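Subject: Structure for you to look at

Hello,

Here is the structure I said I would pass on. Please open it next to this email and follow along.

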Amino acid sequence: MSDELRGKMPDCDQECGTMLDKESNNKWDNITFSTIPVHRTAEVFQFLYDNFYPDERIMNGIGLTHPNWIIGTVYDMRSIEVDSSIMAMDSNNNIVGVRIAKIIDRRSWSDWIFGSSFLFNVFSNVLIWLFGGKTVRRLTLFNWQLLSLAKKDIWDLFVTHNCDKILSDCAVCTDKEYRQCGLGTELVRQSEQLGRAKGCSIATVSTTSYYSQRIFEKLGYIRVGVEVMYEDVRDEDGEPYMKESQLHKSFITWLKVLDD
């Protein structure tokens, strides 16, 4: 499969139930999908800081609307550099959406460290604890407890599904102008196609919000592990870490077998 993938996006009227004007439809038809080249990684990071982190359920609930450099390094840089992530561009070559994902290989010792929830948490949380502020440290404690309750360990999936490579989602994000029109769903489809071409047998994702849960459920992902309600993750004083939300209530891990 070539690095650049082109495709007409799904009809927005079918996705949203709302007819778009001619100008919006023209933009929609000219979306281009591509893997993320190294020279655009800084632009992708800025796009995430502007469009993903301010609305990300966990960070927003904790009170952290923009990550510091260490969080970006731990959670994003590796995924972009290994050429496993997808970006969507408009006719002016502006980024309007990204799907950050990483391919985990059971034969790689570094992937074993990053693929293990326990070892990854030890590594990343020590760095974040040392270099982060009070809110970042609170996020660290929350994540540690959340993943423990969810019993999420990607490494177990290699055994249960007898596979060598797994496509693991890190983030799906679109520009506000393109939201609720199917672009996020199409980014996931394009990413799955890339994962298949690179030998991934299954894809896995942990969703933190109602909207992301809808995307992956619609694409045929099934729930695995334990659904964790945010109100059950509490600090040393017995208070919930997260601000209450009527819509975004739980953390769910999903899995999909990628057919040939």
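Below is what was found in it, from the whole chain down to single residues.

Please keep in mind that this is a predicted model.

The whole chain

The protein chain has 260 residues, and 50% of them are buried. Its secondary structure comes to 11 helices and eight strands. About 13100 Å² of the chain is exposed, and carbon and sulfur atoms supply 50% of that area. If you take the contacts in the chain with a separation of 6 or more, 78% of them join residues 24 or more positions apart.

The nonpolar cores

The largest nonpolar core has 26 residues, and the members that touch the most other members are L48, I58, V98 and F142. At least two residues of this core come from each of these elements: the helices α3 (41–51), α4 (57–62) and α8 (134–150), and the strands β3 (86–89), β4 (95–105) and β5 (165–174). Helix α8 gives the most, with four residues.

What does F142 touch, if residues up to four places away in sequence are not counted? The list is I58, I62, Y230, V233, Y241 and M242.

Apart from the largest core lies another one, made of 14 residues, including A101, I103, L167 and C200.

A pocket

The second largest pocket holds about 170 Å³ of space. Its lining consists of R57, M229, Y230, E231, P240, M242, K243, E244, S245, H248 and K249. Sorted by class, that lining has five charged, four nonpolar and two polar residues. Y230 and M242 have come up before: both are touched by F142, and both line this pocket.

R57 and H248, which also line the pocket, are in contact with S209, once the neighbours of S209 within four places in sequence are left aside. S209 lies in the loop between β6 (202–207) and α11 (210–218). Is S209 buried or exposed? Its relative accessible area is 13%, and buried means under 20%, so S209 counts as buried.

A buried glutamine in a helix

Q190 is placed in helix α10, which covers residues 183–197. Its relative accessible area is 5%, which is under the 20% cut-off, and therefore Q190 is buried too. Q190 and I86 are 104 residues apart along the chain, while their C-alpha atoms are separated by 7.3 Å.

Two residues with positive phi

Most residues other than glycine have a negative phi. Two exceptions are worth finding in the model.

One is N93, whose phi is near 70°, a positive value. N93 is in the loop between β3 and β4. With a relative accessible area of 45%, N93 is partly exposed.

The other is N162, with a positive phi near 50°. Where is N162 found? The place is the loop between α9 (154–160) and β5. N162 has 67% relative accessibility; exposed means over 50%, so N162 counts as exposed.

A suggested order for looking

- Start with F142 and its contacts I58, I62, Y230, V233, Y241 and M242.
- Go on to the pocket lining, including R57 and H248.
- Then look at S209, which is in contact with R57 and H248.
- Finish with the loops that hold N93 and N162.

Regards

Key: Residues numbered from 1 in each chain as written. Predicted model: local features only at pLDDT ≥ 70, side-chain atom pairs only at ≥ 80, totals over all residues. Heavy atoms only, no water. Core = buried A, V, L, I, M, F, W, Y, C linked by side-chain atoms within 4.5 Å. Buried < 20%, exposed > 50% of the residue type's maximum accessible area, 1.4 Å probe, protein only. Contact = heavy atoms within 4.5 Å. 1 Å grid on protein atoms, 1.4 Å probe; cavity = no way out; pocket = protein on both sides within 12 Å on 5 of 7 lines; lining within 4 Å. Points joined across faces, edges and corners; volume = space filled by probe spheres on them. Nonpolar A, V, L, I, M, F, W, Y, C, P; charged D, E, K, R; others polar. Areas by Shrake-Rupley, 256 points an atom, 1.4 Å probe, with all protein chains shown as cover.
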